[in-house]
Amino acid sequence: MSDAARSIPMATPRRAGSAMTWLWVLGLVLAIALPWCFYDFAKARHSGFMISMFSQAGMMIIFALSYNMLMGQAGLLSFCHAVFFGFGGYVVIHALTGASNGSFPIPMELMPLAGGLAGLILAIIFGYMATKQRATAFAMITLGIGELMATAALMFQHFFGGEGGITSDRMIDRSLFGLSYAQSIEVYYLIVFWTMVSVIGMYFLTQTPLGRMANACRDNFERAQFVGYDPKIVRFIQFALSGLFAGMGGALYAIAYEIVTFDSMAGPLSANALLMAYIGGTTVFGGPILGAVLITVLQSGVSLLSNSWLVYVGVLFITMVTFVPEGLAGIIMAHGPIRKAGKLGKLAVPYVRILVPGFILVLGFVALVELVSFQTIGAAQGKKLVLFGNPIDIASNIPWAVAIGGLIIGGIWLRFESIVFGRVWDEITAELKRAEART
Amino acid sequence: MSGQAVSLCDVRKNFGATEIIRGVTLNIAQGERHAIIGPNGAGKTTLFNLISGRFPITSGEIALNDTRIDTMPPHQINRMGLSRSFQITSIFHKLTVFENLRCGLLWSMGYRYSFWSPLWRQKALNEKAEFLMEDLNLASRANTPAGLLSYAEQRALEIGMTIAGGASVILLDEPTAGMSNTETDYAMDLIRRVTQGKTLLMVEHDMKVVFDLADTVTVLVYGQVIASGPPVTVRASRAVQEAYLGALEE
Amino acid sequence: MEIILVSLLNGLVYGMLLFMLASGLTLIFSMMGVLNFAHASIYMIGAYLAFEVSRWFGFLPALILAPILCGAIGAAIEIWGLRRVHHNGHIAELLFTFGLVFIVQRGVQMIWGMLPMPYRVPSYLDFPLFTLYGANFPAYRGFMLLISAGMLLAIWLLLKKTRVGLIIQAALTHPNMVSSLGHNVPMVFTGVFAGGCGLAGLAGVIGGNYLTTESSMADAMGPIVFVVVVFGGLGSLAGCFIASIIMGMIQTFAVVFDYTIADMFSPLFKVPEMDTLLGEILTVPMSRIGPLLPYALMILILLVRPRGLLGTRDT
């Protein structure tokens, strides 16, 4: 299965199907309509939790996609991407303050451009250093830059506000459309608009000479030199532009939360970009969008319920690295040819058969992690493990036995079923190959 | 020396203490088809790497159309009209055949690092890439990632990318290595067709290809030129037969 | 003067601790091409295990057991993890260890809780070794120096005097050649990975009670160890050693010298007090800039010498 997916090139086919276009339109309609699905008509107000989650998803989409401009498209592993996101945020916080006191009179709707410009300028400075190198040396320089800026953000009170960060008020009373942005739904639609603009912009970039040469330098930087391109300059421009979009994402962050702290510049957020892009799939343009939405939703949901979010995300990530290096989007794309041949139905039963033990395995694992975590962190917080309204006694043996049993039985069963699944998959792809050879 | 397409003057190259290229002087006229032959380890590929700027030279001079190029980086040499292929296929393996050729065309058609012109709207560019694809007999594989092509197809693509930019001087490093007889015949035909009117410099082991394609042959042994001239003369040369051909034609 | 001597000793202690971590990382990185992000996590596990073992059996058993356990964990990671993703390239291996960081980080908190561990220096090493200009030099720091010097000697002997060392040395600079010569490179890889993790564990044992054993110790140590390895240069243990000592000294001395940039200019002209970002940059004391210096130095050296200080291969 991985072979089929790995063969999918970064570049979309020259005549992209209209199905893809419809998928994008559907995504946009969904983004516009979703808040109203959670609208509380009795109280005539929006769900604050949902709006803030969707807003977060929007900026993370920009962030993850701009990260993939480096990772997936140019083959550059960066550990400082949050620096540009955070810097865009800081600048916009200052810009908001400036807009309300009149020293920086630009309307709210254009604030993301200020953030983008800030990200671009910083990315030009740091890109000049980092993009002279490639591969591991590049990754190490970016790691250094990331640590440098995070430390600097803590140190310099004036611009970064130290540990407390800096705050501002987004009700600056400057809008192209007379909006006050007092309500989060207004901010949400601003985010939707700029996310759409950024996604289109970044997609456009993949279809330009620069975007194509970034792919080329990723595949074979030496050959790129012998067709007349300087890989360093390709890397540099690509890096600078990805900083521009990251800065725009950071600007939306600043507008939505009205506070930016050094966390938005620090290592964990850079790591998050990597996780989102990789889990979503770096080989397909839309992959990081999937990753960003998935991680944001899981993060908002799971971190409310559990202390162990980091363990889950770590295990998910390692599982993806080991078994599905092409990410979620890669899996989906691998089904394309099978769907075209009308053979998707054949996979239904095998899918159910691996999902059942997979579910048991995940349940067992989650139960075990939660039991362990409730012994220490939960106990320290004075929380009790409650399942469907029933308190669970973590001192008794039964829940532990159930968890470990689920883990082991699910694991063995899944191993067996995945062999069966692999056989069916290979059969179908072999059939497709034969059919292709006949034509 | 003026008027030469490529001229090398006492070029030397050391790797550490070992001297690999030991004073090569070579002039290649405009439109010449020049083959470099020699036993393994003679420094043929190294010579290519020096001319194309992949490695810096230790001493000497290399000029392309009377301009010194020995201190330029590879991309600049390429922009001046010298293009090369590699012995080990060097293509963009995740991009499609069409994309590969288009990448080969981009710089020569003046797109530079453009991030504002959408590729799908560049009619002249796309037509040229299509045309090239037909020429290479790869049109049926347009949307196949280059990494999945057969070996012979990859070699054809390699040649295609080398000539795509319209360079006036083409360096081919063992274009027919590892090919079957029919594949070799096809490749020779292809090379003859696509390098029409250009200066061709090639490293080749297959004597049939050399004597068929080249109008000048240079024999390189241990980093030194021991003979240079028309194929017939070189074949007849005593020194060459002893050093190289003798072992083959026995 | 006394402050310089004391700082020199402290810098040496810290530098040697860094070297213990960095030497393992550089061996792994140079040989396998794997940038082991989880290296500092193993160091943290070493400290926690040492605390656990010393609670039941005492410090000396911990000094032996914890590194062995860490080595075993390393071997397990290599065999069941890295080897599986190896065919997807070095980036996949790097990302694998990157994922491990999250799991170890939270896993440690889940098992031992969020609070720092009461892992202390054993009482028989808790006395002042000598007094220098009125300041005590604790015996434990002397012990740390002793252990790290012993480790340095052991590594040197292993690399220079044994057959295995010969293979490892060869594999540092020419990994492909070594496998072409018919050596069981996967076995060597597992061994080196386990050995490197063992060293990290040892650093955890002696560093855990010198610093603090808590769940943020990996985050605190991780980036700086990377800096050391990259600064020193790939494939060079000597470079790694020099870089460790330099970084140890920088971090120790920066704390001691409380000068600001404005102070430096003060003999020339008086820097006016400014309530701006520039004013702030000029008046930040050295002790607070200290944490920035290693990263700035690393970026600088990579720009000038992409191979690092004494590196023999491109990173």
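Start at A:Ile32, in helix H2 of chain A. This is a predicted model. Is A:Ile32 buried, exposed or partly exposed? With 14 other C-beta atoms within 10 Å, A:Ile32 is partly exposed, because the partly exposed class lies between 12 and 20 such neighbours. Now add A:Tyr189 to the selection. The two residues are 157 apart in sequence, yet their C-alpha atoms lie 7.5 Å from each other.

**Two positive phi values**

Next, follow chain A into the loop between helix H2 (18-37) and helix H3 (48-74), and pick A:Ala44. Check its backbone. Phi of A:Ala44 is near 55°, positive in a residue that is not glycine. Most residues other than glycine have a negative phi. A:Ala44 is exposed, with 7 other C-beta atoms within 10 Å.

Jump to A:Glu258. It sits in the loop between H11 and strand E2 (259-260) of chain A. Here too phi is positive in a non-glycine residue, near 60°. Which exposure class does A:Glu258 fall in? It counts as partly exposed, with 16 C-beta neighbours inside 10 Å.

**Helix H4 of chain A**

Select residues 81-101 of chain A. This is helix H4, with 21 residues. Draw a distance from its first C-alpha to its last: H4(A) reaches 31 Å, close to the 30 Å expected at 1.5 Å a residue. How many of its residues are buried? The count is 16 of the 21, so H4(A) is largely enclosed by the rest of the structure. Step one residue on, to A:Gly102, which follows H4(A). Its phi is positive, near 90°.

**Helices H17 and H18 of chain A**

Now select residues 397-438 of chain A, helix H18. H18(A) has 42 residues. From first C-alpha to last it reaches 61 Å, close to the expected 62 Å. Show A:Ala403, A:Gly406, A:Gly410 and A:Leu414 as sticks; these residues of H18(A) are buried. What do the buried residues of H18(A) pack against? Their partner is H17 of chain A.

Bring up H17(A) as well, residues 348-381. The axes of H17(A) and H18(A) come within 7 Å and cross at roughly 150°. That makes H17(A) roughly antiparallel to H18(A), because angles over 145 degrees count as such. The crossing is left-handed. Color the contact by residue class: it divides into 22 nonpolar, seven polar and two charged residues.

**Chain A against chain C**

Keep H17(A) on screen and add chain C. Here 37 residues of chain A are in contact with 41 residues of chain C. On the chain A side, the elements that give two or more residues are helix H6 (135-155), helix H7 (157-160), helix H14 (309-323) and helix H17 (348-381). Which of them gives the most? It is H6(A), with 12 residues. By class, this side of chain A has 24 nonpolar, 11 polar and two charged residues.

**Chain A against chain B**

Swap chain C for chain B. This contact takes 31 residues from chain A and 36 residues from chain B. On chain A, select helix H8 (184-206), helix H9 (209-219), helix H10 (221-225) and helix H11 (231-257); each supplies at least two residues of the side that touches chain B. H9(A) gives the most, with eight residues. The side of chain A that touches chain B has 17 nonpolar, eight polar and six charged residues.

**Inside chain C**

For the last stop, hide chains A and B. Select helix H9 (residues 217-232) and helix H14 (residues 293-304) of chain C. Their axes come within 10 Å and cross at roughly 25°. That makes H9(C) roughly parallel to H14(C), because the angle is under 35 degrees. H9(C) passes H14(C) in a left-handed crossing.

Which residues meet here? From H9(C), show C:Ile224, C:Val227, C:Val230 and C:Phe231. From H14(C), show C:Pro294, C:Tyr295, C:Leu297, C:Met298, C:Ile301 and C:Leu302. By class, the residues of this contact are 10 nonpolar, no polar and no charged.

How values were computed:
Residues numbered from 1 in each chain as written. Chains lettered and ligands numbered in written order. Predicted model: local features only at pLDDT ≥ 70, side-chain atom pairs only at ≥ 80, totals over all residues. Contact = placed C-beta atoms within 7 Å. Helix = DSSP H or I, 4+ residues; strand = E, 2+ residues; numbered from the N terminus. Nonpolar A, V, L, I, M, F, W, Y, C, P; charged D, E, K, R; others polar. Axes fitted to C-alpha atoms, helices over the stretch in contact; angles between N-to-C directions. Parallel < 35°, antiparallel > 145°, perpendicular 65-115°, else oblique. Left-handed = near helix turned anticlockwise from the far one by under 90°. Expected span 1.5 Å × (residues − 1).
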